[in-house]
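Biologist: I am new to this structure and should be grateful for a close look at one helix and its surroundings. Could you also comment on the cysteines?

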Amino acid sequence: MHHKNHPHGAGHPHNAPHGSLDRPNPAQAGPRLIAWEITRACNLACKHCRATAHLEPYPGELDTAEAKALIDTFPQTGDPIIIFTGGEPLMRADVFDLVRHAGGKGLRCVMAPNGTLVTRETAKEIKASGIARCSISIDAPSAADHDAFRGVPGAFAASMSGIENLKSAGVEFQVNTTVTKDNLASFKQIFSLVESLGAAAWHIFLLVPTGRAADLGAQVISAAQYEEALNWFYDFRKTTAMHLKATCAPHYYRIMRQRAKAEGVKVAPDTFGMDAMTRGCLGGTGFCFISHSGQVQPCGYLDLDCGQVRATPFPEIWANSPKFLALRDQSQYQGKCGACEYHKVCGGCRARAYTIGGDHLAEEPLCSYEPVKK
């Protein structure tokens, strides 16, 4: 799910329980999560938007017949969770038709609306269509700061209203928060808000400087702040029963193991839930992103053409794309990511490697850890 808004869980990644992603032969395993940008049209202008979305649909969006044909190929790869994202997915007129079509194939569907268009009636439609969870993004504990980040006055109030409408309709929801220098100090207040709303989960996303976020260079936290924030998150998750997940923050899974070892705690599902069964960057290994025009990418933040579904069936792209195959082979990684003993549980953020270092297989630029082998 990129963090525009995906449940992520919905979701960068990232929404529903899934099995182990550290499998013996990941090249032969299907995706567990597919984030599908059904439209780039959006009613907000968020400062961190990787899509630089605007109100009008972008040229080249898959039409209804093409979209349904794509859905028909998903079960050929296994049983992936489909994240309907955007842009703003509710701005696509046939969205519920597509969700029902996917549900008819036995696929679990989640959605990443921004919340501002979730009226009472729309929430009922979301429920009736079979959406299992929605993600809503909240990036500050106050309306003024959230609205400034989202680019539209009233966005905070509208999203709060959308959440209440989802709750009334019986739709499970999670909250996503993008970590920046401005809101790092407000995290406890944001968490308190999320908890009081009754969210099923809180997912934090480490900012990836691409799209509109390329202009947010000053907002990207340093490697040291990154390490500090993820250590704080490790401790903070012990204080609540609500599910917390760090997304676009692959070295959390290294930190989790370092901290657990120091505490004499085994990293297993009974102690760390599904965090014990997954890895950090899932791009090309357990997760992928499909753009509005049908371009398959490792994630929404990494604009890397791995194949076009209008030209090649999606299952063939997933199984055979040279770029995906490279992401599944540690020997292809450069710098310390290629040598790191935590590679299988981390992998580094491939999008940050690309946008900051110029190569998606380069070492993660916001990591302070030095591998033993190096």
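Modeller: A residue is called buried when its relative accessible area is under 20%. Please bear in mind that the model is predicted.

I have chosen helix α2, which spans residues 95–104. Its buried residues are Val 95, Phe 96, Leu 98, Val 99 and Ala 102. Viewed down the axis of α2, they fall within an arc of 155 degrees, so they line one face of the helix. In general, an α-helix has 3.6 residues a turn, so residues three or four places apart point the same way. The buried residues of α2 pack against β1 (33–37), α1 (64–73), β2 (81–85), β3 (109–111) and α3 (120–129). Just after α2, Gly 106 adopts a positive phi of about 80 degrees.

Phe 84 shows these surroundings from another side. Neighbours within four places in sequence aside, Phe 84 is in contact with Leu 98, Val 99 and Ala 102, among others; its partners also include Trp 36, Cys 109 and Met 111. Phe 84, Trp 36 and Met 111 are among the residues with the most contacts inside the largest nonpolar core, which has 99 residues. Helix α6 (residues 187–197) gives the most to this core, with six residues.

As for the cysteines, the structure holds zero disulfides. Cys 337 is buried, with a relative accessible area of 10%. The sulfur of Cys 337 lies 6.3 Å from the closest cysteine sulfur, that of Cys 346, which is too far for a bond. Cys 349 is likewise in no disulfide, the nearest cysteine sulfur being that of Cys 248, 5.9 Å away. Cys 349 is buried, with a relative accessible area of 7%.

Terms used:
Residues numbered from 1 in each chain as written. Predicted model: local features only at pLDDT ≥ 70, side-chain atom pairs only at ≥ 80, totals over all residues. Heavy atoms only, no water. Core = buried A, V, L, I, M, F, W, Y, C linked by side-chain atoms within 4.5 Å. Buried < 20%, exposed > 50% of the residue type's maximum accessible area, 1.4 Å probe, protein only. Helix = DSSP H or I, 4+ residues; strand = E, 2+ residues; numbered from the N terminus. Contact = heavy atoms within 4.5 Å. Arc of directions from axis to C-beta. Disulfide = S-S within 2.5 Å.
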